Amino acid sequence: MRWGDMDAYGHINNVQIVRMLEEARIAAFGPPRGAGLPGAEPPVAIFNDVEDGVMTLVVEHKVRYVRTLDYRNIPAEVEIWVGAVKGASFDLHYLVKDPVTGEECVKASTHLAFVDEATGRVRRLTPEQKERLEPYRA
């Protein structure tokens, strides 16, 4: 959590919550291919391991605010796991907890798909991609 993530009520703003989900997603599964310079390898290289010309796009976010996440000068705890894996898309689920009390603050999901940059068409997940996601399904 950053000081600037706080809103006038002293808790983390809803827009910043979605950014936190993005940070958790990138930390777990890697940045999109070609984004930034090389860094630490993610636990599951799925986004940075696609072929050239393929984009990883968010199709939908669902966010449920269970309770406010108050600002603290320590990182919030974010659990992330894989939900449904379909032919051409998959879901990631998140649980954001207060880092001191452990209380659940946000439950969310992101629906993602791989898209061919040239045609704009959704691409099917490869058997290898599905296999890499499988151990993280709940």
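Author: A residue is called buried when its relative accessible area is under 20%, exposed when that area is over 50%, and partly exposed in between. The model discussed here is predicted.

Reader: How confident is the predictor on average over the protein chain, and which element has the highest confidence?
Author: The protein chain averages a pLDDT of 89, and 95% of the residues score at least 70. Confidence is lowest in helix H2, residues 127–133, where the mean is 90. At the other end of the ranking, with a mean of 97, stands strand S3.

Reader: Is Phe114 buried or exposed, and at what relative accessibility?
Author: Phe114 belongs to strand S4, and 11 of the 13 residues of that strand are buried, which makes S4 mostly covered. Because the limit for a buried residue is under 20%, Phe114 counts as buried, with a relative accessibility of 2%.

Reader: What is the angle between the planes in the aromatic pair of Trp3 and Tyr71?
Author: The structure holds 2 aromatic pairs. In the one formed by Trp3 and Tyr71, the ring centres are 5.4 Å apart and the arrangement is edge-to-face; the pair links distant parts of the chain, with Trp3 in the segment before H1 and Tyr71 in the loop between S1 and S2, 68 residues apart. Trp3 counts as exposed at 63% relative accessibility, whereas Tyr71 counts as partly exposed at 23%. Since edge-to-face requires planes over 60 degrees apart, the class agrees with the computed angle of 90 degrees.

Reader: How are the planes of Phe90 and Phe114 arranged in their aromatic pair?
Author: Phe90 and Phe114 have ring centres 6.0 Å apart and planes at 40 degrees. Phe90 lies in strand S3 and Phe114 in strand S4, so the pair ties together parts that are 24 residues apart in sequence. Phe90 counts as buried at 0% relative accessibility. Because planes under 30 degrees apart would be stacked and those over 60 edge-to-face, the arrangement at 40 degrees is tilted.

Reader: Which elements each supply at least two residues of the largest nonpolar core?
Author: The largest nonpolar core has 26 residues, and those that touch the most other members are Met20, Phe29, Phe47, Leu69, Phe90, Leu92 and Phe114. At least two residues of this core come from each of helix H1 (14–29), S3 and S4.

Reader: Which residues of the core's most connected group does Phe29 contact beyond four places in sequence?
Author: Apart from neighbours within four places in sequence, the contacts of Phe29 include Pro42, Val44, Ile46, Ile80, Val82 and Leu133. Among its further contacts are two residues of that group, namely Phe47 and Leu92.

Reader: Which residue in the turn of the S3 and S4 hairpin has a positive phi?
Author: S3 and S4 pair in the antiparallel sense over 9 bridges, and one pair of bridge partners is Ser89 and Ala113. The hairpin has 6 residues between the two strands, and the positive phi, of about 75 degrees, belongs to Gly102.

Reader: How many bridges join S1 to S4?
Author: S4 also pairs in the antiparallel sense with S5, residues 122–123, over 2 bridges, with Phe114 opposite Arg123. Towards S1, which runs antiparallel to S4, His61 stands opposite Thr110. The number of bridges that join S1 to S4 is 11.

Reader: How far does the backbone nitrogen of Val100 lie from a polar atom of the side chain of Asp98?
Author: Asp98 is placed in the loop between S3 and S4 and is buried, with a relative accessible area of 5%. Leaving aside neighbours within four places in sequence, Asp98 is in contact with Leu69, Arg72, Glu103 and Cys105. The backbone nitrogen of Val100 lies from a polar side-chain atom of Asp98 at a distance of 2.7 Å.

Reader: What separation do the C-alpha atoms of Val66 and Arg121 have?
Author: Val66 is in the loop between S1 and S2 and counts as partly exposed at 33% relative accessibility. Beyond four places in sequence, Val66 is in contact with Glu104, Cys105, Val106 and Lys107. Val66 and Arg121 are 55 residues apart along the chain, and their C-alpha atoms are separated by 36 Å.

Note on methods. Residues numbered from 1 in each chain as written. Predicted model: local features only at pLDDT ≥ 70, side-chain atom pairs only at ≥ 80, totals over all residues. Heavy atoms only, no water. Helix = DSSP H or I, 4+ residues; strand = E, 2+ residues; numbered from the N terminus. Buried < 20%, exposed > 50% of the residue type's maximum accessible area, 1.4 Å probe, protein only. Polar contact = N/O pair within 3.5 Å; in protein donor to acceptor, adjacent residues only side chain to side chain. Contact = heavy atoms within 4.5 Å. Core = buried A, V, L, I, M, F, W, Y, C linked by side-chain atoms within 4.5 Å. Phe/Tyr/Trp six-rings, centres within 6.5 Å; stacked < 30°, edge-to-face > 60°. pLDDT = per-residue confidence, 0-100. Pairing = 2+ DSSP bridges.
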